[in-house]
Amino acid sequence: MSPQFHGVAEFLAMGGHGPYVWSAYGVALVVLVWLVVQPLRRRAAILKSVRQVLAREGNR
Amino acid sequence: MARKWQWFHRLGSPPGFYRASGYWLPWLAVAAALLLGVGLVWGLVYAPPDARQGNSFRIIYIHVPVSFLALAGYYVMAAAGAVHLIWRMKLADMVMTAAAPLGAALTFLALWSGAVWGKPTWGTYWVWDARITSMLVLLFLYLGMVALRLGFSNREAAGRACAVLALVGTVNIPIIYKSVDWWYSLHQPATIRLTAAPSMHPDMFKPLLVMIVGFYVFYALVLILNTRAEILARERRTGWVRDLAAGRNQR
Amino acid sequence: MSPAPLLEFRDLTFERNDVPLFAGLCGAVRSGDILQILGANGAGKTTLLRVLSTALTPAAGSLSWRGAPLPRQRSRYLAELAFIGHTPGLKRSLSPRENLRWLGGLFPLRRERMDAALAMLGLAEWADIPCAQLSAGLLRRVALARLPLSGATLWILDEPLTAIDRDGTAQVEELLRRHQADGGAVVFSSHQALVLPGVRQLTLAG
Amino acid sequence: METPELPGLAAGFGALLRRDLQLAWRQRGQAVNPLIFFVMVTALVPLAVGPEPALLTRLAPGMVWIMALLGTLLAADALFHEDFVDGALEHLVLSPQPLWLLVLAKVTAHWLVIGLPITLLSPLLGLMLALPDAGFMPLLVGLTLGTLVFSLLGAVGGALTVALGGRSVLLSLLVLPLYVPVLIFGTSAVTQAVAGGGIGGPLALLGAIAALALAVAPFAAAAALRAGIDG
């Protein structure tokens, strides 16, 4: 098994199909990253708001 | 509640799940990253180009796993809905809530990757192919799910309503798929069949298998992440979430 | 040992958006009991009545009817229950008589006494006029006219006196007294005090 | 205290069916609106695509079916909502009669008031859109079954959204994907008949879908109502 491409430029060109291949992979990457980041950010935001509630109650 | 169900409820209790899933997450994350990384390099660099389609066929490594999961995700959602309706298990409702936007995102990806694959293959971004059309209907089903939940102001009622809708959708999906197949065979446009797995060369097929497994693990990972966020959102007023936020006796 | 109460509820908890509206409510309703649910606006009076009627399912707790758990004999319970909610539940383009007729397909109803019941609540002259032309107080009376016809053992009434004048209040009190004497039971919510013997009260903390 | 007898299933079904037909008759202006919509929108088709009979012939089966679909969908919105607003829905949910039976009574009334008239009007629209003679019979048979499925699935959607704001659009979003198989088999029965082919296949499939919907939808709608009533 060996690489099918010689050099980065050839790899990016994908035999003329570069725009299609890379737009598919690019959008997929964005969506997948967003799928992971979004619940993590939501979790952090909730914990932060709970901490704020706790701090407010502590000050009383 | 009968005693024999108590273990079930403890295991299915949101804090119990939250703690247990905390141990699974690192393993799932590493497994997903490894599988997807290997599959990606293998598929993009080492797999031979297709004889007719050239390098555009490499989109298959996204398109096929995502399409599998788009459909499987609906059944995950419906199964969670059924559990919620039958046993009134809150955790099942949270899983169902987490699965809907995730499924919609994957369905969108399946359509997107199919469209950009279609352009070099068929010369057009959109054809009314049976599989694409079914996928479009599936996207509508997911969007309906998300919209229905947003329509309710009462979370308990929303959960049960969405469960009913998911189950009705599950009964309908095979009928929709069959009818669209039948409709497509009736009109018979002359196009190339996209994927024909049995005739695929093993060098192309093996990375695909790795990607499929990788995406399943990834799906589990994201579903759990979303469910955990949902658990925190709904139980934010309870003692254990307060302890968690304050960093008291938790990992 | 006294016989099992008609309706008994234990540890009832109801949640809305994962926040408990009420929790751990217990109580029993026996033959001849009249139970008044009190509480500020938003304390959950309507919700409690709807939970007791089985229109809503509690997050936790249990209901039993004549000593047996309710979910298993729901239709038997419903056949002995008359629930009148916030809204009268009448079709506006049908007359009171026509409304009672369709309700008679859904619930046990003594059709032969319809005229007497309508007359008792002062509705004799309105019986064949579309409900759209009746005032809110009259509509409420039409809804209540179902009670003596239903033969139900348990009446659950949500604010039965809304929009009803002083004469009407007296008529409703008379209705409840007769039901009590017949061995029935009533659970109702109202801000008004009724002139009735032996009304027990359950107050929901807001 | 002697208790009056619980009315039987047939009495319960009959009472509610009779009530809904009575209501439709009293408010017939409102009941006729979906039919007017059905005819009016179809009249727009030649204005939009041009009056050539050949083109209209090709579009006719699909157009008539889509209009029938939209007409029933418009009416599905009010199926349970009116009962929800005036509180009558509470009586349905708390009746000792099985809720699926009462749902079935309401769906039957809905079909008699909307689906059946639309089916009976469809030949008129076929004429307006230059549908060949061979297409009328499958159109009538197909719409008879199809509008029944539309009403049944519309009842599920109507029950889910009964208490929500922005109901009618949400209802369409939920229900339209479920209508796809009916639309496919219904239109192809007409198209195949016009092309001179057999129509037994699609109509039989349509019948099977109608039977399945009849068996499942009343229960689904009943479950949806119990949840949806608490929007």
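**Chain contacts, core and the fold of chain C**

In this predicted model, 25 residues of chain D are in contact with 25 residues of chain B. On the chain D side, three elements give two or more residues each to the surface that touches chain B: α7 (136-160), α8 (167-194) and α9 (200-228). The biggest contribution is that of α8(D), which gives 11 residues. By class, this side of chain D holds 19 nonpolar residues, five polar residues and one charged residue.

Chain B also meets chain A. Here the contact takes 32 residues from chain B and 26 residues from chain A. Four helices of chain B each supply at least two residues to the side that touches chain A: α2 (14-46), α4, α7 (202-234) and α8 (239-246). Of these, α4(B) gives the most, with nine residues. The side of chain B that touches chain A has 22 nonpolar, five polar and five charged residues.

Other pairs of chains stay apart. Chain A and chain C do not touch, and their nearest C-alpha atoms are 15 Å apart. Chain A and chain D are likewise joined by no contact. The closest C-alpha atoms of chain A and chain D lie 24 Å apart.

The largest nonpolar core has 228 residues. Within this core, B:Ala161 and D:Ala224 have the most contacts. Helix α4 (residues 90-122) of chain B supplies the largest share of the core, 17 residues. The surroundings of B:Ala161 draw on two chains. Leaving aside residues up to four places away in sequence, B:Ala161 touches B:Leu148 and B:Phe152 from chain B. From chain D, B:Ala161 touches D:Leu160, D:Ala224, D:Ala227 and D:Gly228. In soluble globular proteins, nonpolar side chains tend to be buried together.

Within chain D, one helix pair was examined. Helix α4 (residues 78-86) of chain D packs against α7(D) at an angle of about 35 degrees. The axes of α4(D) and α7(D) are 8 Å apart. From α4(D), the residues involved are D:Leu79, D:Phe80 and D:His81. They meet D:Gly154, D:Ala155, D:Gly158 and D:Ala159 in α7(D). The residues of this contact divide into four nonpolar and three polar, with no charged residue.

Chain C contains six helices and nine strands. Its radius of gyration is 17 Å, close to the 17 Å that the globule rule gives for 206 residues, so chain C is as compact as a globular protein of that length. The C-alpha trace of chain C spans about 45 × 35 × 30 Å along its principal axes. Of the 206 residues in chain C, 45% are buried. Among contacts in chain C with a separation of 6 or more, 72% come from residues 24 or more positions apart.

Four strands of chain C form an open sheet in the order β2-β1-β4-β5, with antiparallel pairing. Strands β2 (19-29) and β5 (68-69) of chain C stand at the edges. Each has a single partner strand, so one side of each is left without a neighbour in the sheet. Strand β1 (residues 7-16) of chain C pairs with strand β4 (residues 60-65) of chain C in the antiparallel sense, over five bridges. One residue pair in this arrangement is C:Thr13 with its bridge partner C:Ala60, in β4(C). Helix α1 (residues 45-52) of chain C packs on the sheet and touches β1 and β2 of chain C. The direction of α1(C) makes about 125 degrees with that of β1(C).

Key. Residues are numbered from 1 along each chain as its sequence is written. Chains are lettered from A and ligands numbered from 1 in the order in which they are written. This is a predicted model: local features need pLDDT of at least 70, side-chain atom pairs count only at pLDDT 80 or more; totals for chains, interfaces and linings use all residues. Two residues are in contact if their C-beta atoms, placed from the backbone, lie within 7 Å. Ala, Val, Leu, Ile, Met, Phe, Trp, Tyr, Cys and Pro count as nonpolar, Asp, Glu, Lys and Arg as charged, and the others, Gly among them, as polar. Axes are lines fitted to C-alpha atoms, for helices over the stretch in contact, and angles run from 0 to 180 degrees between N-to-C directions. Two strands pair if DSSP finds at least two bridges between them. The radius of gyration is taken over C-alpha atoms; the globule rule is 2.2 Å times the number of residues to the power 0.38. A residue is buried if 20 or more other C-beta atoms lie within 10 Å of its own, exposed if 12 or fewer, and partly exposed in between; C-beta atoms are placed from the backbone. A nonpolar core is a set of buried Ala, Val, Leu, Ile, Met, Phe, Trp, Tyr and Cys residues joined through C-beta atoms within 7 Å.
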